[in-house]
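I opened the notebook with a short list of things to look up. Helix packing comes at the top, then the core, then single residues.

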Amino acid sequence: MTTLLFIIFAGLAIGCAIAMVSQSNPLYSAISLIGVFIGLASLYVTLAAPFIAAVQVIVYAGAIMVLVIFVIMLLNVEHSEPRRKRLKFLVPVALGMAAILIAETAFILYSVQTSEKRLPGNISDVGLTHSIGEGLFTRYLLPFEITSVLLLMAIVGAMSLARRTTVLSATARVVPGAQVLAMDIINPRAIGDRTAIETETTGQAAHLLGVDFQPDRDQEE
Amino acid sequence: MDLSNPYIHAVMIIVAITIAFLVIMLLVAATVLGERRVLAFIQGRLGPNRVGYGGVLQPFADFIKTMMKEDLVPDQSTRFVFLLAPMIAVVTAIMAIIIYPFGPTVTLPFIGTIQLVIARFDVALLYVLGVTSVGVYGIALAGWSSNNKYSLMGGLRSSAQMISYELALGLSLIGVILISGTLDIYNIVEQQSGWYGMQWNIIYQPLGFILYLIAAIAETNRVPFDLPEAETELVAGFHTEYSSIKFLLFFNAEYINMITVSMLATTLFWGGWNVPFAGYLFGRGTVLFALVSMLGFFAKILVFLFFYIWLRGTLPRFRFDQLMDFGWKVLMPAAIFNIILTASLVLVTTK
């Protein structure tokens, strides 16, 4: 029974992994990657590690891949004709890496087969939420906290990078005529400030928004 | 019967899944009818009352009618994803029901002592959160694959909303986990059976419950958080292009989600199947006790479903920036405050 389940889920994971690499459409690749994660999570369950399986689904399949799909959907990638010549030098590199990976797998298989079998102490407890939580908050507290701080730094870094520095891009156009602008549109530092600022002319609005205003080009179109 | 035999166990589980599926489907039909009748009552109309006595057969008539409709697939759609999306939505919605205990442990004649739950495992609560988080794909992919601006906007709004409120939802449950010390929902319900069946977690977690309720309404895309299918702006949002049975799948998924979040609220905060004094009156483990407990469980779910319908008839919709502000700047800090408060109280009282 366990072998059958292993074949089903491992087959799903490997099939999805192959599909992920071979698909030309990025969205299909992303969906295949979700399949890989779900296949792996199912394997964790058969290995008596339900907690890591649940976390795998929540974090990878549920959060990270949603963001990836979000980006693909927003960018709306066009179908580009396959450019096979590009990055051709990567083929021998990939082949070499695959050879190393297969050698590693063979070595692990060999060493597992030859070493004497030893069961870990108290099997019934390993992989359960209770033992993982206890480990995280006692023995592995420092690595756990360091990882948290690292993640916090990543969040703050992403925030400071993603924050708008210029209000509009240089090629952006200003709506012609008198208009009312909110303070947080003009000044990126004043987030949420909705003080109204009225402008009389297009040039004035363009100046406030930091956009080059060329009256001639605007009148042409 | 020998319940420890793996084959009999497997048959029992299949029977349990079938019964649970049928019950949920009937509950969906009842909710759809209830929603139409209650909304009609709120708005001073009659609602559907012609098919069957008082309109009880209306959902089945609607089902047959929708099935008979032509199944349209947009010309420029991504066909495979277009077919996949409603399946993901309904499968992830219905997968969550396997962990809910419908009643206490009961000794049935000829069969033996059984637990009225399909599956019990260590990480039941995380399983619910995981399945819910995969459910986002159904809506996001539906919006993208339809090749329609309205659908895409609906799908994007929905995924943004569900990612934001998932955090608040997960954090609001941590208080209950801290009090019970387990993620197994069956144990969490058992622990609430003290004080003659009235030691419910709502007494210890009022703030957590309110936060959960709000986040759950947003997770199921119901009024006042129904921006993904805002009719006045987006036609029908992510399912604009869906017709016939595929629309039916999305429709079912929404109502199954409503039922499962109501079940979670009931099991975690309102005592699950615990009915006050039922164990005292009928004796624990008897069939009568199990029946009364089960009725209590469904009564509590129906109260939550009525609350959802009531909200839909009463409240206007949020604006999108208000929705995001509310999720991140109100619900999240409040949930974190709740966790800190609960953790300190648990620490003080157990020491």
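Before I read any handedness, I fix the term: a crossing is left-handed if the near helix is turned anticlockwise from the far one by less than a right angle, and right-handed if clockwise. I also note that this is a predicted model.

**Entry 1: α3(A) on α5(B)**

I started with a pair that joins chain A to chain B. Helix α3 of chain A covers residues 50-75, and its axis lies 11 Å from that of α5(B). The packing angle is about 155 degrees. Angles over 145 count as roughly antiparallel, and α3(A) and α5(B) are therefore roughly antiparallel to each other. I read the crossing of α3(A) past α5(B) as left-handed. From α3(A), the contact takes A:V66, A:L67, A:F70, A:M73 and A:L74. From α5(B), it takes B:L152, B:L156, B:S159, B:A160 and B:I163. By class, I get nine nonpolar residues, one polar and no charged in the contact of α3(A) with α5(B).

**Entry 2: α8(B) on α13(B)**

Next I looked inside chain B. Helix α8 (residues 206-219) and helix α13 (residues 320-350) of chain B have axes that come within 10 Å and cross at roughly 150 degrees. That angle makes α8(B) roughly antiparallel to α13(B). Their crossing is left-handed. On α8(B), the contact residues are B:L207, B:G208, B:L211, B:I214 and B:A215. On α13(B), they are B:F326, B:L331, B:A334, B:A335, B:F337 and B:N338. I sorted the contact of α8(B) with α13(B) into nine nonpolar, two polar and no charged residues.

**Entry 3: α1(B) on α12(B)**

What angle do α1(B) and α12(B) make? I find that the axes of helix α1 (residues 6-42) and helix α12 (residues 287-314) of chain B cross at roughly 40 degrees and come within 9 Å. This makes α1(B) oblique to α12(B). The crossing of α1(B) and α12(B) is right-handed. The α1(B) side of the contact consists of B:V23, B:L27, B:T31, B:G34, B:E35, B:V38, B:L39 and B:I42. The α12(B) side consists of B:F298, B:I301, B:L302, B:L305, B:F306, B:I309, B:W310, B:R312 and B:G313. The contact of α1(B) with α12(B) splits into 12 nonpolar, three polar and two charged residues.

**Entry 4: the core**

I turned to the nonpolar residues. The largest nonpolar core has 108 residues. Those with the most contacts inside it are A:I69, B:Y137, B:L141, B:Y212 and B:L264. Helix α4 (residues 124-145) of chain B gives the most to this core, with 15 residues.

I then picked B:L141 and listed its contacts, leaving aside neighbours within four places in sequence. From chain A, B:L141 meets A:L27, A:I31 and A:I69. From chain B, B:L141 meets B:V81, B:A85 and B:I88.

**Entry 5: helix α10 of chain B**

Is B:T266 buried or exposed? It counts as buried, at 0% relative accessibility. I place B:T266 in helix α10 of chain B. Beyond four places in sequence, B:T266 touches B:G271, B:G272, B:F297, B:K300, B:I301 and B:F304.

B:S244 is also found in α10, which covers residues 244-269 of chain B. B:S244 counts as buried too, at 6% relative accessibility. I noted its backbone: phi of B:S244 is near 55 degrees, a positive value in a residue other than glycine.

**Entry 6: another positive phi**

B:N147 is not a glycine, yet its phi is positive at about 55 degrees. I find B:N147 in the loop between α4 and α5 of chain B, with α5 covering 149-180.

**Entry 7: chain A**

How many helices and strands does chain A have? I count nine helices and two strands. Along the sequence, the pattern reads α-α-α-α-α-α-β-α-β-α-α. Chain A has 221 residues, and 24% of them count as buried. Among the contacts in chain A with a separation of 6 or more, 47% link residues 24 or more positions apart.

I closed with A:L5, which sits in helix α1 (residues 2-22) of chain A. A:L5 is partly exposed, with a relative accessible area of 29%. A:C16 is 11 residues from A:L5 along the chain, and their C-alpha atoms are separated by 16 Å.

Technical notes. Residues numbered from 1 in each chain as written. Chains lettered and ligands numbered in written order. Predicted model: local features only at pLDDT ≥ 70, side-chain atom pairs only at ≥ 80, totals over all residues. Heavy atoms only, no water. Axes fitted to C-alpha atoms, helices over the stretch in contact; angles between N-to-C directions. Helix = DSSP H or I, 4+ residues; strand = E, 2+ residues; numbered from the N terminus. Parallel < 35°, antiparallel > 145°, perpendicular 65-115°, else oblique. Contact = heavy atoms within 4.5 Å. Nonpolar A, V, L, I, M, F, W, Y, C, P; charged D, E, K, R; others polar. Core = buried A, V, L, I, M, F, W, Y, C linked by side-chain atoms within 4.5 Å. Buried < 20%, exposed > 50% of the residue type's maximum accessible area, 1.4 Å probe, protein only.
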